[in-house]
Amino acid sequence: MSVQWFPGHMHLTRQAIAERVKSIDVVIEMLDARLPGSSANPLLGELTKKRPSLKVLNKQDLADPERTALWLAHYNAQPGTRAIPLDAGVVAPARALIAACRELAPNRGGMVKPLRVLICGIPNVGKSTLINTLVGKRSAKTGDEAGVTRTEQRLVLADDFYLYDTPGMLWPRIIVPQSGFHLAASGAVGRNAYDDQEVALELLDNLKLAYPALLLARYGFGLTAEALAQAPAEELLEAIGRQRGALVSGGRVDAQKAAELVIGDFRATLMGRITLETPEQYLQWLRAGQAADAQRRQERLQERRPPRGPRRR
């Protein structure tokens with residue numbers, strides 16, 4: 001899946017984070033609990049790797065709780081890292097991240113050494129909603145489109161707790177193809193960056209194996225779980241289009257409309273609580289993506305090298 005999604009303001013955000021992190025004690029990275037690996041920005045990881053990290057698995061109320069537990073264990077096993085699940089709209093869990101940050105930086109606190117925290121994440125991960133919950137008023141813009149916050153903000157959550165908010169930032173190139181589809185399905189990238197039908201087909205291929213009961217409960221299909229696992233995603237998409245009335249002249253299915261329905265159902269949790277990846281799956285995809293990327297770089301390097309002439313004696 002080829003996606004171009006690195007607009008100018010995200011380049012500026014990268015520069016701002018690189019400068020800000022020099023004076024930061026803890027980095028909060030907000031992740032989408034439905035796709036924790038895919039929503040972890042490797043560029044942010046590189047910029048902030050020398051700081052203690054709090055991974056916030058946001059939108060936990062939309063995710064599969066069993067898979068959320070796997071991801072929490074995965075991140076909590078890493079040095080200098082803590083992870084907590086969160087629904088950004090609930091006040092009490094949101095306050096828990098302040099305590100988690102203090103645990104990660106026990107030597108900071110008080111007016112002499114206030115705790116300085118940077119919060120970052122990909123677009124549309126719920127960061128602005130969380131900040132509004134923390135401060136108790138609408139201080140940050142929110143929206144369901146990627147890239148709402150465009151400038152850095154400093155918020156005082158306590159006399160000795162400063163929170164620096166930054167615009168959502170993606171990275172220039174995906175090396176894990178599955179991540180591109182998952183990010184598109186979640187709404188983390190703008191609609192002009194992906195093909196709805198491709199994303200819906202990948203989503204159906206994932207769900208028919210991982211969540212067959214939820215898929216059958218939502219759409220029926222008249223299939224057993226075993227038959228569903230073998231059914232081509234194209235046939236499933238067509239069946240959904242007919243069931244939901246996504247038709248054009250001649251009774252043909254409007255594949256674009258059917259794809260939009262599938263993606264919309266996923267985002268609205270109408271299929272149920274779903275997490276698109278486990279830690280084990282994501283690490284396998286990442287290793288494969290890194291190997292393929294290294295191979296591409298090697299091939300490009302070979303292409304740039306001038307042909308070697310005959311040896312002189």
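How far does helix H12 reach from its first C-alpha to its last? Its 26 residues, 279-304, reach 37 Å, close to the 38 Å expected at 1.5 Å a residue (the expected span is 1.5 Å times one less than the number of residues).

## Ground rules

This is a predicted model, where local features need pLDDT of at least 70 and side-chain atom pairs count only at pLDDT 80 or more, while totals for chains, interfaces and linings use all residues. Residues are numbered from 1 along each chain as its sequence is written, and side-chain values use heavy atoms, with hydrogens and water left out.

## The overall picture

The protein has 12 helices and six strands; these are DSSP runs numbered from the N terminus, with helices being H or I of at least four residues and strands E of at least two. Of its 313 residues, 47% count as buried (under 20% relative accessible area, with exposed meaning over 50% and partly exposed in between; 1.4 Å probe, protein chains only).

Take the contacts (heavy atoms within 4.5 Å) between residues at least 6 apart in sequence: 70% of them join residues at least 24 apart.

## Back to H12

Pro 279, Tyr 282, Trp 285, Gly 289 and Asp 293 are buried in H12. The helix's buried residues pack against H3 (65-76) and H6 (177-186).

## H8 and its neighbours

Helix H8 covers residues 212-219, and its buried residues are Leu 215, Leu 216 and Tyr 219. They sit on the same side of H8 because they cover an arc of only 95° around the axis (taken from the directions from the helix axis to the C-beta atoms). On the face turned away from that buried side you'll find Ala 213 and Ala 217, both exposed.

The buried residues of H8 pack against four helices: H7 (196-210), H9 (225-230), H10 (233-243) and H11 (255-267). Right after H8 comes Gly 220, with a positive phi near 75°.

## A hairpin

Strands E5 (residues 153-158) and E6 (residues 161-165) run antiparallel and are joined by five bridges (DSSP has to find at least two bridges for strands to pair). A hairpin of two residues links E5 to E6, and Gln 153 stands opposite Asp 165 in E6.

## Nonpolar cores

The largest nonpolar core (buried Ala, Val, Leu, Ile, Met, Phe, Trp, Tyr and Cys residues joined through side-chain atoms within 4.5 Å) has 74 residues, and Ile 28, Leu 54, Leu 97, Leu 163 and Val 262 have the most contacts inside it. Apart from it lies another core of 12 residues, including Leu 57, Ala 63, Leu 72 and Ala 83.

Leaving aside residues up to four places away in sequence, Leu 97 touches Ile 28, Leu 54, Ile 84, Leu 86, Leu 130 and Leu 134.
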